[in-house]
Amino acid sequence: MSGHDASGHLHVSPESKAPYAADVLQRLHADAAEVISRYPQKRSALLPLLHLVQSVDGYVAGRGVSFCAEVLDLTEAEVSGVATFYTQYKRHPNGDYTVGVCTNTLCAIMGGDLIFDRVSEHLGIGHDETTEDGKITLERVECNAACDYAPVVMANWEFFDNQTPESAIGLVDELRAGADVRPTRGADKVCTFKEVSRVLAGFPDGRADEGVGAGPASLLGLRIAKDHGWVAPEGASGSSNGSSATPSSSTSSSTGSGASTSDGKDGSK
């Protein structure tokens, strides 16, 4: 399972196109109908439906692409175009646990690169590769928006803060052993990749309020402001001379009409 080549992101094996069992297909149709009912246009349900088929197969298999195309009246090319764009959709079998090591700027200089290298060596796999037992898929990931706890590792998008090479190796060993692993913040334990995919498809597991959402480091600025009685000034959205805060036409044109520079990809952000 380890060492797949890049074509795994673009092509699927013949095995992945085998039809769903009748009972699985029946459940998929029922769940898909519930998801589609939430949207004024059913093609808008493509993103959650890709998570739904991923919750069944553990990745977006060929049959998952065909299913989404059929129920949404899309072509398989349209579905594949979306599935290959977003990094949370896998086009080859994924491990039970996606372990993502943040190697963006702050985490990298705080030790993220070393953590990735040590975990990679320990598991014998590289980026976006999976251990032979199918338990762990290792990834380098972009910013997880937890810089105050750098370096950060995520397991199926649950936070593990202030990591070291030793603690990260211990984490993957526990996950491979089948232990209930509790993240630093969030849910009481890390769910499997399939379980998380079902939640992302729009079927809550009732665990949203478990654990701590924001830790002390994230709340430090708020605590200091409260201790000093600091509040945002009234009329902060306007300028000091009372003129409108709306940018002038010359400002708008100089910034390229204010278009976002985001590429829309999700990279576990």
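Student: What makes residues 239–269 a stretch to read with caution in pLDDT terms?

Tutor: This is a predicted model, and pLDDT is the predictor's confidence in each residue, from 0 to 100. Over residues 239–269 it stays under 50. The model still has 25 contacts beyond four places in sequence for that stretch.

Student: What is the mean pLDDT of the chain?

Tutor: The mean is 85, and 83% of the residues reach 70 or more. Residues 1–10, though, have pLDDT below 50, with 19 contacts beyond near neighbours in sequence.

Student: Why are H3 and H4 called oblique to each other?

Tutor: The axes of helix H3 (residues 62–72) and helix H4 (residues 76–83) cross at roughly 120°. Roughly perpendicular covers 65 to 115 degrees, and roughly antiparallel needs over 145. The crossing angle fits neither, so H3 and H4 count as oblique. Their axes come within 8 Å, and the crossing is right-handed.

Student: Which residues meet there?

Tutor: Val-65, Ser-66, Cys-68 and Ala-69 in H3 meet Glu-76, Val-79 and Ser-80 in H4. They divide into four nonpolar, two polar and one charged.

Student: How do you know that S1 and S4 pair?

Tutor: Pairing takes at least two bridges. Strand S1 (residues 97–102) and strand S4 (residues 153–155) have three, in the antiparallel sense, so they qualify as a pair. Gly-100 stands opposite Met-154 in S4.

Student: What makes S2 and S5 edge strands?

Tutor: In the open sheet, the order is S2-S3-S1-S4-S5. Strand S2 (129–130) and strand S5 (158–160) each pair on one side only.

Technical notes:
Residues numbered from 1 in each chain as written. Predicted model: local features only at pLDDT ≥ 70, side-chain atom pairs only at ≥ 80, totals over all residues. Heavy atoms only, no water. Helix = DSSP H or I, 4+ residues; strand = E, 2+ residues; numbered from the N terminus. Contact = heavy atoms within 4.5 Å. Axes fitted to C-alpha atoms, helices over the stretch in contact; angles between N-to-C directions. Parallel < 35°, antiparallel > 145°, perpendicular 65-115°, else oblique. Left-handed = near helix turned anticlockwise from the far one by under 90°. Nonpolar A, V, L, I, M, F, W, Y, C, P; charged D, E, K, R; others polar.
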